[in-house]
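Visitor: Got a minute to go through a structure with me? I'd like to start with the cavities.
Guide: Yes, here it is.

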Amino acid sequence: MTVRVFAAIALLGALVAAVAMWRPAVPRADVGDAGATWTAGVDTRADVDAFSPDVATMPAPGLGSAWSTAAVRPLQRAFEQAEDLFAFRQDLQPLADAGDPDARWVLSRVDEYCASYARDPAGFARDSALIDGLQLDAARALGAARGRIGTRCGRFVPGDAPTFVQLVERRQDAAEAGSLAAEAALLAMGAPLQDDMDYRRGLVERVQASRDPDAFVALSPAMGVAASGDVALADTVAGTQTHALAWQLAACDLGLDCSANGALMTEYCVNGGICARDARQDFSAFVRDAAVPRQGAEELDRMKKTLVEDAPASRQLLGMVTR
Amino acid sequence: MKRMLPRKLRFWLWATLFVGYSVAVAGVVVDAVGEKYRRLTQVAQTTTAAPLEQRQLGAAQIAALYRAQSATPFLALPPGNTFRVVWPDGSTELVRIVSQSSPHGAVPVDGSQIEAAPLLDGAQAELQVVPVSVAPRQAASVAE
């Protein structure tokens, strides 16, 4: 009797475990037009300096001054500081139409940043009220972040919200005009300009050599779990969520606005529900506080140092950046 | 002990313990919630029959609210994780996390969609965490 009972229990347990572990086969996702040709143009970065955003779209003096601007390009800085992103976008459009790669990239960033609001302004407000009523631990930070997007994007309407496919297309335009950040973002979005090992590896090296904080943070999702098992990235800083965070922290060191009000932390909070409970924390402090254990923080610092200080800066690579 | 517990009770006690252990080892966590998710703008009208974009946005919104309730949000539904979403009409599908900061950070897994059973009509949106699987290198789809 006892043997039969235990046999029955074991069988039952095995069945439950098998059901729990089962999942449907995951076919490889379509990554878009693999045959798309890459026709990166010349680097037109110099044009960016000619752009001077309307003063009315700029923030009050002193805002956003907590972050380094050493490596940040003027348009990215203007994007982080603009109080009215609709007006900022309108100012930027002619430059983008003229083919400026940075203008095209920053336009796509504005569209992405404001999409959650623009898609349904009334629904955005309803969701904010719903979230406020849930009394979450992160409610205050989440409410502040949503309020920031509501304020900065307040003049956007549903027709301004890009779909995922439209966002990919805009970034393809930017990348083909020469924006490295857009090219990196396309890899992270599963729609790289080319889909071979040499291209992926070369792109990662070009981003690292560029020391462009926007390119670093745009590439970061592709350097996390998505890069696990990719032979092309085997000996790079890639493969886990910690690696992706290292790329983002490196971007902070290179000048990205990683303050509590910056786009990086705002999007983490609004789009991902990952909000710093302490409003004084910047992204670096938040990650050390909430994402990794103390020993993991040391490893994270090593990775970040590798990215920032050991960038392959050979003439050959610099040539590749601007090809 | 044997005298204190009837044979059938002993059987079910052991069975419960063993099944519970098996489930725990398999890594399955079921966290069913409802009202708060169902009322979200991107979730309310979404079913497995909705366009991919709408399902992506709805799933990402559910994942965001799930993380916002967590004491360790970075570790809740990290990239590469898969979870099962049950839409308000009862239809269900697996969704893979590809980014924690993008509104398109959750991608429905092709072939995982199950239509609503008649008995489930009127059910609430819920989220179930299922065992982690390795993410493909590029999970997002720009087709459709």
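Guide: Helix 13 of chain A gives the largest share of the lining of the largest cavity, five residues. Keep in mind that this is a predicted model.

Visitor: What volume does the largest cavity have?
Guide: The volume is about 530 Å³.

Visitor: Which residues are closest to its centre?
Guide: Of the 32 lining residues, the closest to the centre are A:Arg109, A:Glu112, A:Val217, A:Pro221 and B:Ser101. Elements that give two or more residues to this lining include helix 3, helix 5 (101-118) and helix 11 (213-219) of chain A.

Visitor: How does the lining of the largest cavity divide by class?
Guide: There are 17 nonpolar, nine polar and six charged residues in that lining.

Visitor: How many cavities of 30 Å³ or more are there in the whole structure?
Guide: The search finds eight. The second largest has a volume of about 290 Å³. Its lining has 24 residues, and A:Ser116, A:Arg146, A:Val270, A:Asn271 and B:Gln61 lie nearest the centre.

Visitor: Which element gives the largest share of that second lining?
Guide: Helix 4 of chain B, with six residues. By class, the lining of the second largest cavity has 12 nonpolar, eight polar and four charged residues.

Visitor: You mentioned A:Arg146. Which ring does its charged end sit over?
Guide: The ring of A:Phe124, with the charged end 4.1 Å from the ring centre. In another case, the charged end of A:Arg152 sits over the ring of A:Phe79, 5.7 Å from its centre.

Visitor: Is A:Phe79 buried or exposed?
Guide: A:Phe79 is one of the buried residues of helix 3 of chain A. Six of the eight residues of that helix (residues 74-81) are buried, so the helix is largely enclosed by the rest of the structure.

Visitor: Switching to ring pairs. How many aromatic pairs are there over all chains?
Guide: The count comes to seven. One of them is A:Phe86 with A:Phe156, edge-to-face, at 5.6 Å centre to centre and 90° between the planes. A:Phe86 is in helix 4 (residues 85-97) of chain A and A:Phe156 in the loop between helix 7 (139-152) and helix 8 (164-177), 70 residues apart. A:Phe156 is buried, at 2% relative accessible area.

Visitor: Which residues do ring pairs link into a cluster?
Guide: A:Tyr268, A:Phe283, A:Phe286 and B:Phe74.

Visitor: Now salt bridges. How many does the structure hold?
Guide: It holds 18 over all chains. Among them, A:Asp84 and A:Arg155 meet at 2.5 Å, N to O. These two lie in separate loops of chain A, 71 residues apart.

Visitor: Are those two buried or exposed?
Guide: A:Asp84 is buried at 19% relative accessible area, just within the cut-off of under 20%. A:Arg155 is partly exposed at 46%.

Visitor: What about A:Glu183 and A:Arg206?
Guide: Their side chains meet in a salt bridge at 2.8 Å, N to O. A:Glu183 lies in helix 9 and A:Arg206 in helix 10 (residues 197-210) of chain A, so the pair ties together parts that are 23 residues apart in sequence. A:Glu183 and A:Arg206 are both buried.

Visitor: And which residue does A:Asp253 form a salt bridge with?
Guide: A:Lys304, with the closest N and O atoms 3.1 Å apart. A:Asp253 is in helix 12 (residues 241-253) of chain A and A:Lys304 in helix 15 (residues 294-309), 51 residues apart. A:Asp253 counts as partly exposed at 45% relative accessibility, whereas A:Lys304 counts as buried at 13%.

How values were computed
Residues are numbered from 1 along each chain as its sequence is written. Chains are lettered from A and ligands numbered from 1 in the order in which they are written. This is a predicted model: local features need pLDDT of at least 70, side-chain atom pairs count only at pLDDT 80 or more; totals for chains, interfaces and linings use all residues. Side-chain values use heavy atoms; hydrogens and water are left out. Rings of Phe, Tyr and Trp (its six-membered ring) pair if their centres lie within 6.5 Å; planes under 30 degrees apart count as stacked, over 60 as edge-to-face and the rest as tilted. Helices (H or I, at least four residues) and strands (E, at least two) are DSSP runs, numbered from the N terminus. Buried means under 20% relative accessible area, exposed over 50%, partly exposed in between (1.4 Å probe, protein chains only). A charge sits over a ring if NZ of Lys or CZ of Arg is within 6 Å of the ring centre and within 35 degrees of the ring normal. On a 1 Å grid over the protein atoms alone, a cavity is a set of points where a 1.4 Å probe fits but cannot get out, and a pocket is an open set with protein on both sides within 12 Å along at least five of seven lines; lining residues have an atom within 4 Å of a point. Grid points are joined across faces, edges and corners, and a volume is the space filled by probe spheres set on the points. Ala, Val, Leu, Ile, Met, Phe, Trp, Tyr, Cys and Pro count as nonpolar, Asp, Glu, Lys and Arg as charged, and the others, Gly among them, as polar. A salt bridge is a side-chain nitrogen of Lys or Arg within 4 Å of a carboxyl oxygen of Asp or Glu.
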